[in-house]
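Q: Could you take a close look at one part of this structure and walk me through what sits around it? I'd like one connected tour rather than a list.

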Amino acid sequence: KLQAPPPSRTMAPPRNVVKIAVQMRDAIPQLIRLDQAKPLAAVLKEVCDAWSLAHSERYALQFADGHRKYITENNRTEIKNGSILCLSTAPDLEAERLLGGLQCGSRDRRRETLQHLVLLAPDMTFAQEVISRDGLQRLGTIIEDGDDLGELLALALRAFLELMEHGMVSWETLSIPFVRKVVCYVNMNLMDASVQPLALRLLESVTLSSPALGQLVKSEVPLDRLLVHLQVMNQQLQTKAMALLTALLQGASSTERKHMLDYLWQRNLRQFIYKNIIHSAAPLGDEMAHHLYVLQALMLGLLESRMRTPLDPYSQEQREQLQALRQAAFDPEGESLGTGLSADRRRSLCAREFRKLGFSNSNPAQDLERVPPGVLALDNMLYFSRHAPSAYSRFVLENSSREDKHECPFARSSIQLTVLLCELLRIGEPCSETAQDFSPMFFSQDQSFHELFCVSIQLLNKTWKEMRATQEDFDKVMQVVREQLARTLALKPSSLELFRTKVNALPYGEVLRLRQTERLHQEGTLAPPILELREKLKPELMGLIRQQRLLRLCEGTLFRKISSRRRQDKLWFCCLSPNHKVLQYGDVEEGSSPPTPENLPEQLPVADIKALLTGKDCPHVREKGSGKQNKDLYELAFSVSYDHGEEEAYLNFIAPSKREFHLWTDGLSALLGSPMGSEQTRLDLEQLLTMETKLRLLELENVPIPEQPPPIPPPPTNFNFCYDCSIVEP
């Protein structure tokens, strides 16, 4: 006996059918139901037949908005209900047509062709067709010929860069004459303002990707020329010049890097950066902030060799430096130690003075054999003794003459403080590829690291006296000093004097108060009734946090794309629709305001999302390999996986900050019905629980809460106390 299928199944629309619109110039748009299971060639045939167009293989479908991406079998699942497509020339024919237009003698025709090429070049399908037809070589010929140094050249460079960004062709394949021609555009005076930023960007890509061509760029582009570009009041040109400069510095050896930085500092680059870039009236862009961070890291990185070099006890120069350090403290007039005494007596007096100076051993070389800090600690001590002699003498003499066990050892403190500063400033660690946290203080004056040490060693002595510390408290003092320095560096003071003011306004008592405040915020009472109350409040408060996370996703966030060369050069915006059913996203231009959800071309239904991936599980992080330099990407990377035809596809994110990472992963977890387990959720829940608990307990202030509930009294001997409601009162 045949049985009809259930009504719910017969009425449900097929999951692989979407309702879309297809446009064509000078034609009435078609509203069609697109069957995703049907081959794309068959769909095109039906669309062309509706408009009476022959040879459907000559046509292709594109998204009507955004970058006009071509529809292929691989990306057709991106078509959603309500998508608007347009019928256009097939990518192979369009590539052939445009490349033919490049050979046209008409300047206007060539300009129009290049503009169209720039518009379509970001599409992978179109780029493959152009590259397979020697499109890069044809663009390279236009760039090398340089017949037009204005708009045509800028368009050719932009199209070339867009095609190369796909990573299908290695930068190492570029010819030396081509690179030299681009170098000429960088070195040329009176060049069009739109050409030189593109030429600088191309040379940066070459330098980062090819060591051999990078050496060519280094030899052909003088540092003075980059300084000229940096001094032009054009923010885009400044940024690209700084990008090439940091790329050249990163590709140089340690010795070459030191010579280059010394030369740049002699040409007053540091002063110019501090006055005209950091303190410019225009806001500092994210890319420039990243390059300043890299430049700061490379500057401080020059200290790494000294940090990792132990003191050589057989070096005459280093022995003389140690003696100069001792004489500056105990023989300020340069008098000879122990004149007329025997050699043994002089050695004994010298060893005793080194101990007074704060060395743990009578032979100070043994203290400085430890790496880190190596001889960098000796460099710091010598700098302090020579540039702040009165403060140095006061530090040493007031501590060496004390007999109450509260003396602060100068040498031991200096060695440990140097280690501490190297850790806080991450000297010797590889540069992060996304960080922007440079400190303006290091561009405010020369010898900034040694000057920072001079301020810090005096702070240590001040903190030591405030704590009334002894030798047994040495590690405790260093922990407090670490906290003082870390808190002040986090404020990013603009100058060393401002750093000195702020760090001295953070005495030991204030550090204790801050610790206590933070502890009170983190700790709650452990009484069982309070814990029970907190558990009852948790579901309601987790609902509030979930609501806040979803609202944050609805507001949207600007993310940066990490290209094949791991540069942050493009922005895209993503947000959640108000009904929490669709993720909407699309590319945006840097400096423009975030687009409205209606203007975002791409959509991903939340119902299609299968899983949320974070850290090393993300495909765009796995492709980068493993290494210390990828740690920052691991901490900020997350992806959502969804069905893409028969394959699994991913929408990949690199959060702009750790907080945004927590907010987005929490929001996506909430959408998927998974628990929100981020550190930010834990902190928010703890804060809300603490506030709500205190509000509930306001009336119980100063009332002791028992650890256990009071005992239940025994039942009465009889229950005759019940009131008889049937008796009517007279």
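A: Let's start at Glu-78, which is buried, with a relative accessible area of 16%. This is a predicted model, so keep in mind that everything here is computed from predicted coordinates. The cut-off for buried is under 20%, so Glu-78 falls inside it at 16%. Glu-78 is a loop residue, placed between strand E3 (59-63) and strand E4 (84-89). Leaving out residues up to four places away in sequence, Glu-78 touches Phe-63, Lys-69, Glu-602 and His-644. Two of those names are good leads, so let's follow them.

Take Glu-602 to begin with, one of the contacts of Glu-78. Strand E8 covers residues 602-605, and four bridges join it to E7 in an antiparallel pairing. Within that pairing, Gln-584 stands opposite Gln-603 in E8. Strand E7 (residues 582-588) has six of its seven residues buried, so it is largely enclosed by the rest of the structure. The loop between E7 and E8 is where you find Thr-596. With a relative accessibility of 39%, Thr-596 counts as partly exposed. Its C-alpha atom is 9.7 Å from that of Phe-573, and the two residues are 23 apart along the chain.

Now for the other lead, His-644, which Glu-78 also touches. Strand E10 spans residues 637-644, and eight bridges join it to E11, with the two running antiparallel. In this pairing, Tyr-642 sits opposite Ala-649 in E11. The wider arrangement is an open sheet of three strands in the order E9-E10-E11, paired antiparallel. Strand E9 (609-614) and strand E11 (647-654) are at the edges with a single partner strand each, so each has one side without a neighbour in the sheet. On average, neighbouring strands of this sheet are turned by 25 degrees against each other, direction ignored. As for side chains, in a regular strand they alternate between the two faces of the sheet.

What lies across this sheet? Helix H30 (residues 658-671) lies across E9, E10 and E11, and runs at about 30 degrees to E10. The charged end of Lys-658 sits over the ring of Phe-661, 4.9 Å from its centre. Phe-661 also belongs to a cluster linked by ring pairs, together with Phe-559, Trp-572, Tyr-585, Phe-638, Phe-653 and Trp-664. So here's a handy way to tie the region together: the residue ranges put Tyr-585 in E7, Phe-638 in E10, Phe-653 in E11, and both Phe-661 and Trp-664 in H30.

To place all this in the chain, the division is domain 1 (25-89), domain 2 (102-296), domain 3 (308-333 + 345-519) and domain 4 (539-684). By those bounds Glu-78 falls in domain 1, while Glu-602 and His-644 fall in domain 4. The C-alpha centres of domain 2 and domain 4 lie 31 Å apart.

One last stop for aromatic rings, this time in domain 3. The count of aromatic pairs comes to 17. Among them are Phe-438 and Phe-443, whose ring centres are 6.3 Å apart with planes at 75 degrees, so the pair is edge-to-face. Phe-438 is buried at 8% relative accessible area, and Phe-443 counts as buried too, at 0%. There is also a charge over a ring here: the charged end of Arg-412 sits over the ring of Phe-474, 3.9 Å from its centre.

How values were computed
Residues are numbered from 1 along each chain as its sequence is written. This is a predicted model: local features need pLDDT of at least 70, side-chain atom pairs count only at pLDDT 80 or more; totals for chains, interfaces and linings use all residues. Side-chain values use heavy atoms; hydrogens and water are left out. Rings of Phe, Tyr and Trp (its six-membered ring) pair if their centres lie within 6.5 Å; planes under 30 degrees apart count as stacked, over 60 as edge-to-face and the rest as tilted. Buried means under 20% relative accessible area, exposed over 50%, partly exposed in between (1.4 Å probe, protein chains only). A charge sits over a ring if NZ of Lys or CZ of Arg is within 6 Å of the ring centre and within 35 degrees of the ring normal. Domain bounds come from an automatic or database domain assignment. Two strands pair if DSSP finds at least two bridges between them. Axes are lines fitted to C-alpha atoms, for helices over the stretch in contact, and angles run from 0 to 180 degrees between N-to-C directions. Contact means heavy atoms within 4.5 Å.
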